Amino acid sequence: MRIYDIYLAGQFVKSTNKLPVMNKYSGEVYAETWLADAMQLDEAIVKGRQVMGELASLPAYHKYKSLRFIADALLGERQRLAEVLSTESGKPMKYALSEIERAAQTFLIAAEECKRLPGEYLSLDWTEAGKNRAGLVRYFPAGLVAGISPFNFPMNLAVHKIAPAIAAGCPIILKPASATPLSTLELAGILHAAELPAGAVSILPMNRKIGHQLVTDERIQVLSFTGSPAIGWELKKQCGRKKIVLELGGNAGVIISEGTELKNILTKCIAGAFVYSGQICIHAQRFFIHASLYEKFCEQMVAAATKLIAGDPLLDTTQVSHLIDEDNALRVESWVNEALDAGARLLCGGKRTGSFYSPTILTDTEAFMKVRAEEIFGPVITIEKYEGPISVAVEKINEGRFGLQCGVFTDSVKELDYCFEHIQAGGIIHNDSPLLRFDHMPYGGVKESGEGREGVKYAMRDLLEARILVK
């Protein structure tokens with residue numbers, strides 16, 4: 001069994017508190033690492049602040065070289081890293097490999113974006129008082145960043161905090177999820193060799209009490225949090241004067257318009273519904289299908305869902321596997337049973353064995369049911385029909401408190417324009433599921449799905465501050 005040291009400002013260290021990390025499929029201890037203590041967190045903060053000036057003054061070519069080195073190193077070790085990621089998270093290997101590749105792409109994007117920090121020349125003679133005056137606007141690093149990342153994308157969602165911080169010239173302290181810290185600690189070994197100032201990055205698993213200092217400590221200027229809405233909005237109340245970026249998930253919807261060829265979209269819908277057992281914040285959870293297609297779509301989705309191969313995530317053939325732990329499987333089970341008791345109809349699935357929950361499709365659900373109103377974070381979808389124009393489906397999409405992404409299948413430009421104008425979500429995905437994300441696009445939600453945007457260039461905007469020189 002391997003023991004991973006934690007990464008504190010350029011040094012690999014231990015603490016007095018061991019953290020066992022489970023193989024999510026077998027339930028056995030896979031590796032051990034450490035939970036950082038309060039003194040170690042304080043040291044990371046002090047050292048991060050000490051290198052703020054050095055990191056801010058790093059020339060673009062140096063940051064580019066370091067970021068490109070990290071991207072190449074991730075690709076060079078993607079098979080081994082994917083096996084670690086798959087084991088600690090329960091994510092099937094094909095998706096674990098994709099996550100490592102996406103993390104490398106995110107660092108490559110950051111390498112490019114560090115060369116084009118924003119700035120502008122601004123004429124000020126718009127009034128008589130500004131005659132012969134001009135302004136030079138530059139953007140400077142905001143300061144020390146705290147990142148808190150979740151279990152479901154243990155590498156790439158952490159990278160979406162680390163890579164923009166390096167590109168913007170900000171030191172960062174990352175708290176990975178305690179259930180899945182190993183991927184980022186593997187990353188720490190690569191970061192350590194990337195010729196960055198010691199203190200530029202610390203990766204510290206912590207318990208919730210000690211980690212909460214990342215939220216309240218005034219020496220930290222920016223907080224970037226990905227996780228549940230209940231926690232995220234509470235952190236905003238407690239973070240003081242920090243800038244804050246919140247990516248808080250949702251219950252993404254899909255609209256399938258009249259006239260859509262179902263045979264062309266089934267693979268995308270099944271993937272959107274059940275990739276990583278639905279443990280993705282843009283998991284396609286709520287399907288609204290035109291009445292003329294509803295019966296046929298239900299039949300095809302049920303047939304495809306019941307053929308998905310379950311098993312050990314390390315096997316290349318596995319398509320769905322266990323949830324992150326049994327508590328979450330029990331929660332999913334209770335939500336489904338609650339919906340069935342309230343009148344929903346089960347089309348397939350609905351069975352739990354330990355931490356495994358079978359791919360499940362429900363219909364005849366109501367907006368108040370948790371399987372539609374909340375983020376289920378499990379392999380469960382609802383399928384409902386709508387009649388009339390696409391505006392009826394849009395109303396159903398907007399009925400909830402979330403708004404992260406939405407998929408719209410239509411061949412009508414008029415319908416697509418209507419959806420773009422009226423759907424309350426941060427992203428509208430045309431002719432694909434809401435699961436689609438490219439790592440350089442702006443990504444984030446409205447309503448209770450969060451505030452601020454990820455996607456390297458857009459994340460960097462929250463890590464930079466404008467300063468003007470008036471001449």
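In which sense do β4 and strand β5 pair, and over how many bridges? Keep that in mind as you load the model, which is predicted.

**Stop 1: the sheet**

Select residues 18-22 for β4 and residues 29-34 for β5. The two strands run antiparallel, and 5 bridges join them. For one bridge to look at, pick P20; its partner in β5 is E32.

Now add residues 2-3, which are β1. You have an open sheet of 3 strands. Its order is β1-β5-β4, and its pairing is mixed. β1 and β4 are the edge strands. Each has a single partner strand, so one side of each has no neighbour in the sheet.

**Stop 2: the largest pocket**

Clear the selection. Pick P150, R208, G227, S228 and I231. Of the residues lining the largest pocket, these lie nearest its centre. The pocket has a volume of about 950 Å³, and its lining counts 34 residues.

Next, colour four elements: α8 (208-211), β11 (222-226), α10 (229-238) and α13 (326-341). Each of them gives the lining at least two residues. Then colour the lining by class. Expect 17 nonpolar, 11 polar and 6 charged residues.

**Stop 3: the second largest pocket**

Move on to R102, F153, L435, L436 and R437. They are the closest to the centre of the second largest pocket, among the 24 residues that line it. Its volume is about 490 Å³.

Show α5 (93-113) and α11 (266-274) here; each supplies at least two lining residues. Which element gives the most to this lining? That is α5, with 5 residues. By class, the lining of the second largest pocket has 13 nonpolar, 4 polar and 7 charged residues.

**Stop 4: the cysteines**

How many disulfides does the structure hold? The count is 0. Select C114 to check one case: this cysteine is in no disulfide. The nearest cysteine sulfur belongs to C170 and is 13 Å away. C114 is also buried, at a relative accessible area of 3%.

Then select C269 and C298. Why is there no bond between their sulfurs? The sulfur of C298 is the closest cysteine sulfur to that of C269, yet the distance is 12 Å, too far for a bond. A disulfide here needs sulfur atoms within 2.5 Å.

Finish by showing the surface around C269. Is this residue buried or exposed? C269 counts as buried, because its relative accessibility is 1%.

Definitions and conventions
Residues are numbered from 1 along each chain as its sequence is written. This is a predicted model: local features need pLDDT of at least 70, side-chain atom pairs count only at pLDDT 80 or more; totals for chains, interfaces and linings use all residues. Side-chain values use heavy atoms; hydrogens and water are left out. On a 1 Å grid over the protein atoms alone, a cavity is a set of points where a 1.4 Å probe fits but cannot get out, and a pocket is an open set with protein on both sides within 12 Å along at least five of seven lines; lining residues have an atom within 4 Å of a point. Grid points are joined across faces, edges and corners, and a volume is the space filled by probe spheres set on the points. Ala, Val, Leu, Ile, Met, Phe, Trp, Tyr, Cys and Pro count as nonpolar, Asp, Glu, Lys and Arg as charged, and the others, Gly among them, as polar. Buried means under 20% relative accessible area, exposed over 50%, partly exposed in between (1.4 Å probe, protein chains only). Two strands pair if DSSP finds at least two bridges between them.
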